[in-house]
Amino acid sequence: MGERAWALGLMSGTSLDGVDGAMLLGDGEAVAGFGASAYVEYTPDERRVLRAALAQGAQMSTIDLRRASGAFAQAEAVLHSAHLRCIETVLARSEHRPALIGFHGQTVMHRPQERFTLQIGDAARLAQATGLPVVHDFRTRDVASGGQGAPLVPFFHHALARGLVAAGTIEAAPIAFLNIGGVANVTWVDPRMERPEAPGALLAFDTGPGNAQLNDWMMSRCGLPFDAEGAVAARGEVDRAALGYMLEAGYLAARPPKSLDRTDFDPPEGFASLSTEDGAATLSALTVGCIVRAQRWFPEPVQGWTLCGGGRKNAHMMAELAQALDAPLISPETLELDGDMIEAQCFAHLALRSAAGLALSAPGTTGVAEPVSGGLCARPTG
């Protein structure tokens, strides 16, 4: 292991629930320890502004976005305020001061087929407010090099799996990390491989919708940000015709690596006529069905699926998933991991890797031709 440093990672996902922040000790290769963490929920007004920014991004062309000046200013103000609240909370709980911050920002548009991805957020302003270097813009170089730009968590999953094997917590055999955020993604990890960029060490891709469509459905029908515990979906009946239509999407038949934008899976015409319960049940079944179909691409069967992200708290969805998968679901807490903070910890890890000039992605994770580093560093003036 090289020289260790503490880093603070920040993540705001497409579910638009809030900001996660977490401290991590490492050298960009191995993880040496975890520190304080915090979750700051967006207020209803903040969530409204961010939803408007995502809607604006979905409607604009890449040319419009490049020419747009200040189009996302209001959303960036919201992001700055919420991220600063999260940083202050983490630091108040921490015994350590980070050497740097890993700031993902908020994805408002992701079109890798056009070699374009956009995460808004003012890293320079955040660096000035905190007095710390802020590593950001993690995806652009990968996309510009022909990669999907997502998912970026796999290199961190590899480090976690290697650590769990070394501790004797899991077997030295392939394991899957399943993250159900706004979009769901999976990482197939072979912890027997020493380096994450080694051929055969990782396979990662977006499986399909996660929480985003279900959350949007609940907001439009009930004014609620999500289906708590999956209670609404549990009362409904799956519309098999609508589900079959969505599961026929060409994306699911495409070979990974591959990635999605939040808006890529649109329900069929007439979906809006479903009851709130039936719509929720159908969208939950869509997430499960896409994850089940992901297994076909694994090079080897896995010893289990480690669950991450907010979707793992949807009891109805997890029960359906447990019945449908070929290997058991594993709670990260049984592995002494914090399932709520893995993505925030990831961006602390990636910030350390970026600072060390190490790769953040590889052919098996984003489809880029060769391992690619990435990230820019905003430093406080003075």
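This passage describes strand S4, two nonpolar cores and the packing of helix H11 in a predicted model.

Strand S4 covers residues 100–103 and has both of its faces covered. Leu-100 and Gly-102 lie on one side of the strand, Ile-101 and Phe-103 lie on the other, and all of these residues are buried. In a regular strand, side chains point alternately to the two faces of the sheet. S4 is paired with strand S1, which comprises residues 5–11, and the two run parallel, joined by four bridges. Within this pairing, Ala-7 has Leu-100 of S4 as its bridge partner. S4 is also joined to strand S7, residues 134–136, by two bridges, and these strands likewise run parallel. Here Gly-102 is found opposite Val-135 of S7.

In soluble globular proteins, nonpolar side chains tend to be buried together. The largest nonpolar core of the model contains 43 residues. The members that touch the most other members are Leu-178, Ile-180, Val-186, Phe-298, Trp-305 and Leu-321. The largest contribution to this core comes from helix H11 (residues 276–294), which supplies nine residues. When residues up to four places away in sequence are not counted, Leu-321 touches Leu-178, Ile-180, Val-288, Ile-291 and Leu-329. A second core, separate from this one, consists of 36 residues. Among them are Ala-7, Leu-100, Leu-152 and Met-341. Ala-7 and Leu-100, the bridge partners noted above, are thus both included in the second core.

Helix H11 packs against helix H12, which spans residues 315–324. The angle between these two helices is about 30°, and their axes are 10 Å apart. Because angles under 35 degrees count as roughly parallel, H11 is roughly parallel to H12. The crossing of H11 past H12 is right-handed. On the H11 side, the residues that meet H12 are Ser-284, Thr-287, Val-288, Ile-291 and Val-292. Their counterparts in H12 are His-316, Met-317, Glu-320, Leu-321 and Ala-324. Val-288 and Ile-291 are also listed among the residues touched by Leu-321.

H11 also packs against helix H7, residues 212–222, at an angle of about 170° and with the axes 9 Å apart. Since an angle over 145 degrees counts as roughly antiparallel, H7 is roughly antiparallel to H11. The H7 residues in this contact are Gln-213, Leu-214, Trp-217, Arg-221 and Cys-222. They meet Thr-276, Gly-279, Ala-280, Leu-283 and Ser-284 of H11. Ser-284 thus takes part in the contact with H7 and in the contact with H12.

Note on methods: Residues numbered from 1 in each chain as written. Predicted model: local features only at pLDDT ≥ 70, side-chain atom pairs only at ≥ 80, totals over all residues. Heavy atoms only, no water. Buried < 20%, exposed > 50% of the residue type's maximum accessible area, 1.4 Å probe, protein only. Pairing = 2+ DSSP bridges. Core = buried A, V, L, I, M, F, W, Y, C linked by side-chain atoms within 4.5 Å. Contact = heavy atoms within 4.5 Å. Axes fitted to C-alpha atoms, helices over the stretch in contact; angles between N-to-C directions. Parallel < 35°, antiparallel > 145°, perpendicular 65-115°, else oblique. Left-handed = near helix turned anticlockwise from the far one by under 90°.
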